[in-house]
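Colleague: Could you walk me through this one and tell me what the labels rest on? I'd like the cut-offs as we go.

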Amino acid sequence: MTADAIAGDLGAAVRVDGLRVELKTGQAVVEDVSIDVRPGEVLGLVGESGSGKTTTALALLGYARPGSRITNGTVEVAGHQLTGRGEKALRALRGRVVSFVPQNPATSLNPALRIGDALADMLRAHAPNRSRDESVLATLGRVELPPNRAFARRYPHQLSGGQQQRVTIASALICEPSAVVMDEPTTGLDVVTQSRILDEIDRLRRESRLGVVYVTHDLAVVAAIADRIAVMYAGRIVESGSAREILSRPRHPYTLGLISSIPDHVTPRRLRGIPGVAVGVDERPVGCAFFPRCGQRQQTCELEPPPTTDVAARHQVRCFEWRVTPALVAPTPLGESEARPSIAPLLRVERLRASYGGRHETVVAASEITFDLAYGECLALVGESGSGKTTIARCIAGLHEPSAGRILLGDETLAGKAKARSLEERRRIQIVFQNPADSLNPRRRIIDEIARPARLLRGFTRQQAGQETTLVLERVRLPARLARRFPGELSGGELQRVAIARALAANPDLLVCDEITSALDVSVQAAVLDLLGELRRDLGLALLFISHDLGVVASIADRVLVLEHGHAREEGPTRRLLAHPREQYTRLLLESAPRIPEPASTTSFGDA
Amino acid sequence: MPEALRFLRSGTGGVGLVLLVLVVGLALIGPFFAPHALDEPIGLPYASPSSAAPLGTDELGRDVLSRVLWGGRSVLLLAGIATAIAYAAGLLVGLLAGYTRSLLDPILMRSADVLLSFPALLFLLVLVAGAGTSNAILVIGVAVIQFPQIARIIRSATLAQSTRGFVEAAVARGERTAAILRRELLPNIVGPISADLGLRFTYSIILVASLNFFGLGLQPPSSDWALMISENRSGLTLNPWSVLAPAVLIALLTIAVNMVGDAVARTQEQSALTVGRRS
């Protein structure tokens, strides 16, 4: 053990050694996890869904979800042992020694409790002698909320999403714990709010010498905040080290794949996803869990899990072949779009206005929106939640009736409702939704789901539609055997491909993509974006791509339309708009979007 | 195992189905094995079990066993048909109201609420008083009482499903309303339906039994489990079997229906939950 590591031991805020959490059936969800976090340090715990990162985060509070338990290892926070204690002893430590900031503040704050009272409850439990009023107001001030009684008397629903998350952070800090575990605290927030919260966390940990474990799937966010990174895959930490080292010279092929999957809005690049699908808890192999997806595997990898190996001081990797992991190549900037959009307009939206209305008030979701889209072109609608981008997509798909304005397909004005449109019009416009788990009927086989549009909109017979299904499944690179399955048997990435295949079965001219990658893991997102690019090249498909993620937009769109509160703010070719934004709002979006500093030039570090 | 039979994997589903088959089988083929005629006195009233009458005799000295074997058909038939009619109407109204969310919704639901506001038994008594006692009136009355609550459950289940992506995809394809209801919505509300169905059937049996108890349903000498309980309740201490045997069978029938319904509902929920879990 190096002197460095021993020094770390003495004052470690969090120390986890050999942690194992297993299901009742004995399968390990998390295995052999060891981390240490010093006071004032942020550890980014990174992993895709199913990697065990949340299980690890909860174990830091001595907690295991119902149906699972901590069976091995120790968790120590500021010298307090959390493993092997009774529930009562743990309760006394949680909140006082280590506290938790959950992902969704809207559901984790009690809606019936004034926020001041919610904060005071923490004090009542852990520090009954402190003056409650004073501490509550002081803590509100610490997270930059108004430190006055009027604000403390508000209910959670009277706060914005960002304010709500500040309240949960305040309640995690009010008893002055040594460590805070944050589980994707900014995932549900807009980029602008996210960037403010990240600054906040950064300031707080410096001021209070907090040890922070920041759990997320988003490496770009981690790059913005973490000192050290631990990458999890299939329940184990596959690589850990300083953020700088991991992001610039990853040694595990999985880390490398993850970083290469992340789209970037400053240097738009061709994304490379990781082939294959992450293994589930019940199908983890004996050897290295990454083996089936790995490009540098050897026979030994399959036989036993690789041990943790030191690459350098405080940089460990769990890979036999880490020495051959290629260096991160400087991103090849995307050339001019390979798809050649024609000049003929396919879709024109003229002064579109859409609103949601109750009997008494109407909320205008989009107003005076005008744009056009050529055959084969990809236009991105970008904006935060509430910008109206999804409403516009729904109007075009015939799911929401505009209150004013026109939508023209070719020269024909489209009816507001899909039902009132002609068969041909319905065929030419297809929509893919955000949540893949929701967009396929769970009671229907994939083949029936895909064959339906081909039969209804193209008049195919059952047999023709069956052949078409095989074709489009191949197009979206899914094996034909999936056709007989039900949606519940597929992963999120596979489901989204099926949803795209269903749209393709109609042989459309325009694909409306409503945030179709935001529910996916980055490595899967990269593959889906790659697929969309291919479809544009091969089929001449036009895309209306709705997204809040500028990096994603940069890697796929020809043109961008920036929306704010239902108004179009700025429109232009992607490259020009991202490099030289004209509008204040666009600039704000760009500055707030987290990104990984460029690996090639070491000088550019730290200023991102 | 086919999708439809997956509920058997849970213990309660299998036990429930076996019970259900036994009780329904007894009700259907029982009459062929009845040792005595339905209305033939074979001994003293409320005699204890003997070799001639294994379950003793009832208030008129008739064989309890024979009457039990005869008495299941009407319970199954009347309650079953009433539940089926109520469900057919409830499904149609609930699906339409929940899916369209148009003017149709308040109109359908408020008129269902009007029905809901009548006390169930009072409504049936008035109906029977006005239209006379007949099995058809009985069935329709019970169905009308059950219908509003069924429509409400179906409507709220439909409402929850109707904003999901696959329904919107069907709307964007321009599918007919009937196709959306049948293909997209109906299969996805099977869970709440099957949990509710058992309960409704139980309630139908209770309603039919109540009417029989008041003498407004089936008329003597026909045999019916519910009717037997009301006929023989005064002789409970003399020959407990005359009340216990039909009561136990009604209980078994309703328990079996509910066990199967719950098991189906559970498997439906589970399979819906697994969607998108693996990623």
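Modeller: Sure, let's start with one residue: leaving out residues up to four places away in sequence, A:L544 touches A:L373, A:L379, A:L381, A:A393, A:I396, A:L510, A:V512 and A:C513. This is a predicted model, where local features need pLDDT of at least 70 and side-chain atom pairs count only at pLDDT 80 or more, while totals for chains, interfaces and linings use all residues. Residues are numbered from 1 along each chain as its sequence is written, and chains are lettered from A and ligands numbered from 1 in the order in which they are written.

Colleague: What makes A:L544 "touch" those residues?

Modeller: Two residues are in contact if their C-beta atoms, placed from the backbone, lie within 7 Å. A:L544 is also among the residues that touch the most other members of the largest nonpolar core, along with A:V213, A:Y214, A:F545 and B:V208.

Colleague: Why is that called a nonpolar core, and how many residues are in it?

Modeller: The term means a set of buried Ala, Val, Leu, Ile, Met, Phe, Trp, Tyr and Cys residues joined through C-beta atoms within 7 Å. The largest such set here has 262 residues. Helix α11 (residues 241–273) of chain B gives the largest share of this core, 13 residues. Helices (H or I, at least four residues) and strands (E, at least two) are DSSP runs, numbered from the N terminus.

Colleague: Why is B:L199 called partly exposed?

Modeller: Count its neighbours: B:L199 has 17 other C-beta atoms within 10 Å. Buried takes 20 or more, exposed 12 or fewer, and partly exposed is in between, with C-beta atoms placed from the backbone. So with 17, B:L199 is partly exposed. B:L199 is in helix α9 (residues 190–213) of chain B, and its C-alpha atom is 8.1 Å from that of B:V257, 58 residues apart along the chain.

Colleague: And for chain B as a whole, what percentage is buried?

Modeller: Buried residues are 47% of its 279 residues. Chain B has 11 helices and zero strands.

Colleague: What makes α8(A) roughly parallel to α9(A)?

Modeller: Two packed helices are described by the angle between their axes and the distance between the axes. For helix α8 (residues 161–173) and helix α9 (residues 191–208) of chain A, the axes come within 10 Å and cross at roughly 20 degrees. Angles under 35 degrees count as roughly parallel, over 145 as roughly antiparallel, 65 to 115 as roughly perpendicular and the rest as oblique. So α8(A) is roughly parallel to α9(A). The residues of their contact divide into three nonpolar, four polar and one charged; Ala, Val, Leu, Ile, Met, Phe, Trp, Tyr, Cys and Pro count as nonpolar, Asp, Glu, Lys and Arg as charged, and the others, Gly among them, as polar.

Colleague: How do you know how α19(A) lies against α20(A)?

Modeller: Same reasoning: the axes of α19(A) and helix α20 (residues 522–539) of chain A come within 10 Å and cross at roughly 20 degrees. That makes α19(A) roughly parallel to α20(A). A:G492, A:G493 and A:Q496 of α19(A) meet A:V524, A:A527 and A:V528 of α20(A).

Colleague: Which residues go into the contact between the chains?

Modeller: It takes 31 residues from chain A and 20 residues from chain B. α16(A) gives the most to the chain A side, with four residues. That side divides into 14 nonpolar, 11 polar and six charged.

How values were computed: Axes fitted to C-alpha atoms, helices over the stretch in contact; angles between N-to-C directions.
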